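These are my notebook entries on one protein chain. I set down what I looked up, entry by entry.

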Amino acid sequence: MTVRRNGKSMGSKLVIKLVRWYQRGISARRPYRICRFEPTCSDYMIQAVQRFGFRGVWLGLWRILRCQPFSQGGVDPVPLRWPRPKRKEW
């Protein structure tokens, strides 16, 4: 059981702090690059965790895996509801 304060679990707060640390400490010191997606992957991770709690990390990781040279990129907002798997019709 996770302890919740202000509606957020300790795990989700930790993830947000780690991503903020990455944004300020690592990403800010790297040469500027244009991101394929809008919002950036780190902003997407924070928004997903804020919207869905700790399980939003899975959406953020999926987004990072999609950020590769063969991806089209573009505007990709965090979904309003948790995505459901598509049903296979046999």
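The entries below cover the cores, the pocket, the salt bridges, one loop residue and one peptide bond.

**Entry 1: the model**

I note at the outset that this is a predicted model.

**Entry 2: nonpolar cores**

I began with the interior, because nonpolar side chains in soluble globular proteins tend to be buried together. I looked up which residues make up the largest nonpolar core. I found seven: V15, I16, V19, M45, I46, V49 and V57. The helices α1 (10-26) and α2 (41-52) each supply at least two residues of this core. I also recorded another core that lies apart from this one; it has five residues, including Y44, A48, F52 and V78.

I then took V49 from the largest core and listed its contacts. Leaving aside residues up to four places away in sequence, V49 touches S12, V15, I16, G56 and V57. Of these partners, V15, I16 and V57 are also listed in the largest core.

**Entry 3: the largest pocket**

I turned next to empty space. Rolling a probe the size of a water molecule over the atoms shows where such space is left. The largest pocket holds about 670 Å³ of space. Its lining consists of 18 residues, and those nearest the centre of the pocket are Y22, S27, R33, C35 and T40.

Which elements give two or more residues to this lining? I found that they are α1 and α2. Helix α2 gives the most, with four residues. I sorted the lining by residue type and obtained 10 nonpolar, four polar and four charged residues.

**Entry 4: salt bridges**

I searched for charged pairs, because side chains of opposite charge can pair when their charged atoms come close. The structure holds two salt bridges.

In one of them, the side chains of R63 and D76 meet at 3.7 Å, N to O. R63 belongs to helix α3 and D76 to the segment after β4, so this pair ties together parts that are 13 residues apart in sequence.

In the other, R66 and D76 meet through their side chains at 2.7 Å, N to O. This pair also links distant parts of the chain, with R66 in helix α3 and D76 in the segment after β4, 10 residues apart. I therefore recorded R63, R66 and D76 as linked in a network of salt bridges.

Are these residues buried or exposed? R63 has a relative accessible area of 0% and is buried. D76, at 15%, is buried as well. R66 has 26% and is partly exposed, because the cut-off for buried is under 20%.

**Entry 5: S71**

I located S71 in the loop between α3 (56-66) and β4 (74-75). Its relative accessibility is 16%, so S71 counts as buried. Not counting residues up to four places away in sequence, S71 touches R36, F37 and R66. R66 thus appears in my notes both as a contact of S71 and as a member of the salt-bridge network.

**Entry 6: an unusual peptide bond**

I closed with the backbone. Most peptide bonds are trans. Between E38 and P39, however, I found a cis peptide bond, with omega about 0°. P39 lies in the loop between β3 (37-38) and α2.

Notes:
Residues numbered from 1 in each chain as written. Predicted model: local features only at pLDDT ≥ 70, side-chain atom pairs only at ≥ 80, totals over all residues. Heavy atoms only, no water. Buried < 20%, exposed > 50% of the residue type's maximum accessible area, 1.4 Å probe, protein only. Contact = heavy atoms within 4.5 Å. Core = buried A, V, L, I, M, F, W, Y, C linked by side-chain atoms within 4.5 Å. 1 Å grid on protein atoms, 1.4 Å probe; cavity = no way out; pocket = protein on both sides within 12 Å on 5 of 7 lines; lining within 4 Å. Points joined across faces, edges and corners; volume = space filled by probe spheres on them. Nonpolar A, V, L, I, M, F, W, Y, C, P; charged D, E, K, R; others polar. Salt bridge = Lys/Arg side-chain N within 4 Å of Asp/Glu carboxyl O.
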